[in-house]
Structures are given as structure tokens and as C-alpha cells.
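These are my notebook entries from a first look through one protein, written for someone who has not met it before. I wrote down what I looked up, topic by topic.

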Amino acid sequence: MKGILNGVRVVDLTRYISGPFCGVLLADMGAEVIKVEKPGAGEISRTVGPWKDGVSLFFVTCNRNKKSVTADIRRPEGMAILKKLIAESDVLLENFRAGMMEKIGLGYEEVKKINPRIIMVSVSGFGQGGPWRDRPAFDGIISAVSGVTRMEDGRVERSKGAIHDHMAGMYAMMGTMLALYDRERTGKGQYVDVAMIASSTMVRSDAIADAYLSGDEAAMAGDDSAPYGYLKATDGWINFHAGPNQMYHKLLTLIDDPFLHEERFYDDMMLRVEHSKELFARVQAWADGKSCDELEAIFLKAGIPCGIVATPGRLLRTEHLWERGYLVKQPVHGLEGEVPFMGFPIKLSEHQDLEYKAPPAVGENTEEIYTSVLGMTQGEIQKLREDGIV
């Protein structure tokens with residue numbers, strides 16, 4: 001695939017989501033992303049569900065458009081192969097626990113001796129330093145410690161999907177692109193340290209400032225607009241937002257409730273916030289008995305922002321996602337026909353027709369890469385296979 005990053009080679013040592021997602025964004029844009037996997041088993045997320053006919057759909061989302069080679073880097077011969085790949089590449093991408101790369105002899109100081117122009121990108125839960133450096137991290141953990149987990153009415157709730165892994169992957173891709181751009185000007189590689197906690201806490205920056213100036217309790221007080229929230233419909237839930245005065249006036253054209261129409265609420269946002277629970281209850285009473293589609297049609301006709309809480313099936317049926325090319329069909333090894341997944345999320349006018357190739361089988365490109373990039377002979381590769389190195 002000819003893309004913006006055509007000619008950029010990435011050595012991908014990542015697993016699960018945060019690192020692989022960075023890699024797949026680079027691959028979607030044309031970079032040659034080479035997964036270095038364990039012989040036989042491959043990367044661990046090949047075993048993660050959901051599955052269809054024994055094929056992991058989880059693995060597909062973060063590994064299309066990549067290539068795969070095998071090397072047992074626990075053995076000297078496998079590590080030697082990895083180092084040769086690093087010498088011939090532009091980017092080294094990893095998301096092990098902080099300190100693991102140093103432990104196996106591939107810390108940045110060692111890596112840049114192999115290739116001074118290399119850009120090494122590390123994605124971890126808490127970054128490569130600090131008192132939390134060695135703590136393990138999963139998406140829900142980061143949701144909690146970043147302040148993104150929702151706390152309301154005595155309960156806590158995190159969103160569906162590995163949001164925080166994906167956010168870190170996006171920041172890692174941004175860091176990679178910045179480092180590549182900087183190298184064009186300076187000729188120097190550099191180390192990119194991406195922490196999930198920093199990527200996620202970015203969205204709470206205003207709340208941090210509010211806590212500093214007004215205190216934690218004030219910053220936790222919640223809403224600065226009302227009424228809005230999730231209305232229960234007969235067949236699901238829909239979110240609406242009628243907080244700003246203009247939207248509230250539109251809401252009043254829909255609901256004939258004397259309490260909502262009291263003059264004191266008309267242009268007083270803070271008063272509406274003060275009475276937010278009662279206002280919302282009145283809107284919910286009006287919504288009772290209506291379906292999601294009915295409420296959506298009513299709100300949209302009135303010019304009130306809204307959105308139905310989507311199940312995976314509803315996403316699959318969302319015309320907008322298909323029309324814009326956000327949802328795409330791509331091949332999957334082991335499954336007949338093509339399967340829909342989300343495509344590259346950014347629209348570029350000069351690169352509109354992207355290609356989506358199936359994620360590679362374990363070691364699918366071993367001979368191709370080892371011969372064309374490393375100059376190995378077929379005999380050398382066969383000997384490595386016999387010895388269980390690749």
C-alpha cells in the first residue's frame with residue numbers, strides 16, 4: 001500500500017491494545033510494520049475473544065496491514081535477528097512494563113548504539129519513571145486513577161471498550177510522527193515515552209484546575225448545565241442535551257409541564273443546575289412510553305442535540321458510519337468473505353482510498369523480511385527453523 005508513511009519501517013514488539021493500536025494506525029498510513037512474534041504461538045492477543053470459528057476478532061482490530069516474522073528473542077540467535085531488524089528500521093515500538101526493555105538488553109541507550117537514527121516508542125501504564133513506574137495497568141485501572149471513571153449518585157461507572165488503551169495508542173502515534181518530523185530536520189532519532197495515565201488524565205485538566213482553585217468537593221459537584229442526561233425509552237436509552245438557554249427554550253416547545261415553564265428557569269442556567277434532578281425527572285416523565293427512534297426524531301426536529309446509546313448491532317446498522325467510510329469491510333484469515341471493522345479514523349483529501357489487508361498469520365512474512373531486509377539465505381532461514389529460533 002502506498003501511503004504517507006511509505007518507506008517507514010517499524011519493528012513492532014507490542015501486545016494487546018495500546019501498542020498494537022499505535023502500530024496499526026502507522027500501518028494504515030503505509031508504514032511497513034513488522035510484528036516480531038514468538039514462534040508457533042505468536043502474540044498473546046491472538047488468543048483473545050471474541051472469536052468466530054476459532055479466529056480472534058480482537059486481534060484483527062489492531063493488527064491489519066502489518067507483517068509478521070518470528071524470532072525467539074529469549075535465545076541469543078533470536079535476539080541477534082531482532083537487533084539486525086532494529087538496525088534496518090526507523091521505529092521500534094514496545095509496550096512492556098517499564099524497565100523490561102533494559103532487562104533484556106534493549107534499553108534506549110543500547111538501541112541507539114545499534115541505530116542512532118532509531119525512534120524508540122514505549123507505551124506503559126505510568127511512564128518510565130516516577131513512584132508508580134512499576135505498577136501494572138489495565139484499562140479499568142487507568143480509568144480509575146486518571147479521574148475519568150464516572151462517579152454519580154453513589155455509584156461508579158466506566159465506559160465500554162478499552163478507551164484508555166486506545167487513547168494511549170493515539171498519543172503514541174502522535175509522538176512517533178513528531179519524532180519522525182523532528183528527525184527530518186535534525187537527523188537524530190529519539191526516545192518517546194507515552195504513559196496511559198497522562199494520555200487519559202488530559203481530559204480532566206480543567207477539573208484539576210478547578211480542584212486547585214475551588215477545592216475537591218466543588219470540582220466534584222458535577223454538572224454545569226441542565227437538563228441533560230440519559231433518558232430511558234421503551235427499547236433502550238437516549239442521551240439529550242438541553243442545558244444551554246437556547247436549547248432549553250426549544251425543549252419547552254416540546255413539553256407542556258408548568259414546572260419546566262416557570263420563568264425563573266428560563267434564562268438562569270445556574271438555577272437549572274441547582275434543580276437539575278427535578279428538571280430531569282420531568283423530562284423523563286414526558287419521555288416515558290416513547291421509543292429511542294421516536295425520541296430521536298422529536299429532538300432532532302426541534303434542534304436539540306441527542307444520540308441513542310448504541311449497541312454493537314446498532315453501530316453495524318449506522319448508515320453514517322458506512323457513508324463516511326468509517327466502517328469498512330476487510331478480509332480475515334480463516335473466515336469466508338469480508339468482515340466489518342472501524343477503518344482509519346482521519347480523513348485526508350490526498351489519501352482517500354486506503355487499503356485494508358488481513359492481519360498476518362504468525363510468521364507469514366518471515367522469509368520475505370529476512371531475505372529482503374536482512375539478506376539471509378534460504379538455507380540460513382531453514383536452519384533457524386530447525387533450531388526453533390524462528
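**Entry 1: the second largest pocket**

I began with the second largest pocket, whose volume comes to about 980 Å³. I kept in mind throughout that I was reading a predicted model. Which residues lie nearest the centre of this pocket? I found that 28 residues line the second largest pocket, and that Thr61, Leu315, Leu327, Phe341 and Met342 are those nearest its centre. I then looked up which elements supply the lining, and noted that α1 (18–28), α7 (163–186), α16 (312–316) and β15 (338–342) each give at least two residues to it. Sorting the lining of the second largest pocket by residue type, I wrote down 19 nonpolar, 6 polar and 3 charged residues.

**Entry 2: the enclosed space**

I next asked how many cavities of 30 Å³ or more there are. The count I noted is 1 cavity, and the space in this largest cavity is about 40 Å³. Its lining includes Glu94, Phe96, Arg97, Gln128 and Tyr191, and I also listed Met100, Met101 and Glu102 as well as Met120 and Ser122 among the lining residues. The elements that contribute two or more residues to this lining are α4 (100–103) and β7, and α4 has the largest share, with 3 residues. By type, I entered 6 nonpolar, 3 polar and 3 charged residues for the lining of the largest cavity.

**Entry 3: the whole protein**

I stepped back to the overall picture and recorded 19 helices and 15 strands in the protein. The C-alpha trace spans about 85 × 50 × 40 Å along its principal axes. Of the 390 residues in the protein, I noted that 44% are buried.

**Entry 4: a nonpolar patch on the surface**

Turning to the surface, I found that Trp132, Phe138, Ile141 and Val145 make a nonpolar patch of about 380 Å². I located Trp132 in the loop between β7 (119–124) and α6 (139–145). Is Trp132 buried, partly exposed or exposed? I entered Trp132 as partly exposed, because its relative accessibility is 37%.

**Entry 5: backbone oddities**

I reminded myself before this search that most residues other than glycine have a negative phi, and that most peptide bonds are trans. Where do cis peptide bonds occur here? I noted one that joins Gly49 and Pro50, with omega at about 10°, and I placed Pro50 in the loop between β2 (32–37) and β3 (51–52). Another cis bond runs from Ala226 to Pro227, with omega near 0°, and Pro227 lies in the loop between α10 (216–219) and β11 (228–233).

I then looked up positive phi values, and found that Tyr16, although not a glycine, has a phi of about 65°. Tyr16 sits in the loop between β1 (9–12) and α1, and I recorded it as partly exposed because its relative accessible area is 39%. Asp53 is also not a glycine and has a positive phi, of about 55°; I found Asp53 in the loop between β3 and β4 (55–56). With a relative accessible area of 64%, Asp53 went into my notes as exposed.

**Entry 6: charged pairs**

My last topic was pairing between side chains, since side chains of opposite charge can pair when their charged atoms come close. How many salt bridges does the structure hold? My entry reads 21 salt bridges.

In one of them, the side chains of Asp72 and Arg74 meet at 3.0 Å, N to O. Here I noted that Asp72 is buried, at a relative accessible area of 10%, whereas Arg74 is exposed, at 64%.

I also looked up Lys113, which forms a salt bridge with Glu110, their closest N and O atoms being 3.2 Å apart. Both residues, Lys113 and Glu110, lie in helix α5 (residues 108–114), 3 residues apart, which is about one turn of the helix. Lys113 is exposed, with a relative accessible area of 61%, while Glu110 is partly exposed, with 37%.

The pair I checked after that was Arg133 with Asp134, a salt bridge whose closest N and O atoms are 3.0 Å apart. I recorded Arg133 as partly exposed at 27% relative accessibility and Asp134 as exposed, with a relative accessible area of 53%. I closed the page with Arg9, Glu32, Lys67 and Glu368, which are joined into one network by salt bridges that share partners.

Technical notes: Residues are numbered from 1 along each chain as its sequence is written. This is a predicted model: local features need pLDDT of at least 70, side-chain atom pairs count only at pLDDT 80 or more; totals for chains, interfaces and linings use all residues. Side-chain values use heavy atoms; hydrogens and water are left out. On a 1 Å grid over the protein atoms alone, a cavity is a set of points where a 1.4 Å probe fits but cannot get out, and a pocket is an open set with protein on both sides within 12 Å along at least five of seven lines; lining residues have an atom within 4 Å of a point. Grid points are joined across faces, edges and corners, and a volume is the space filled by probe spheres set on the points. Helices (H or I, at least four residues) and strands (E, at least two) are DSSP runs, numbered from the N terminus. Ala, Val, Leu, Ile, Met, Phe, Trp, Tyr, Cys and Pro count as nonpolar, Asp, Glu, Lys and Arg as charged, and the others, Gly among them, as polar. Patches are made of residues with over 30% relative accessible area and no salt bridge: like charges are joined within 9 Å, nonpolar side chains (Val, Leu, Ile, Met, Phe, Trp, Tyr) within 5 Å. Accessible areas come from the Shrake-Rupley method with a 1.4 Å probe; for residues, only the protein chains shown count as cover. A salt bridge is a side-chain nitrogen of Lys or Arg within 4 Å of a carboxyl oxygen of Asp or Glu. Buried means under 20% relative accessible area, exposed over 50%, partly exposed in between (1.4 Å probe, protein chains only).
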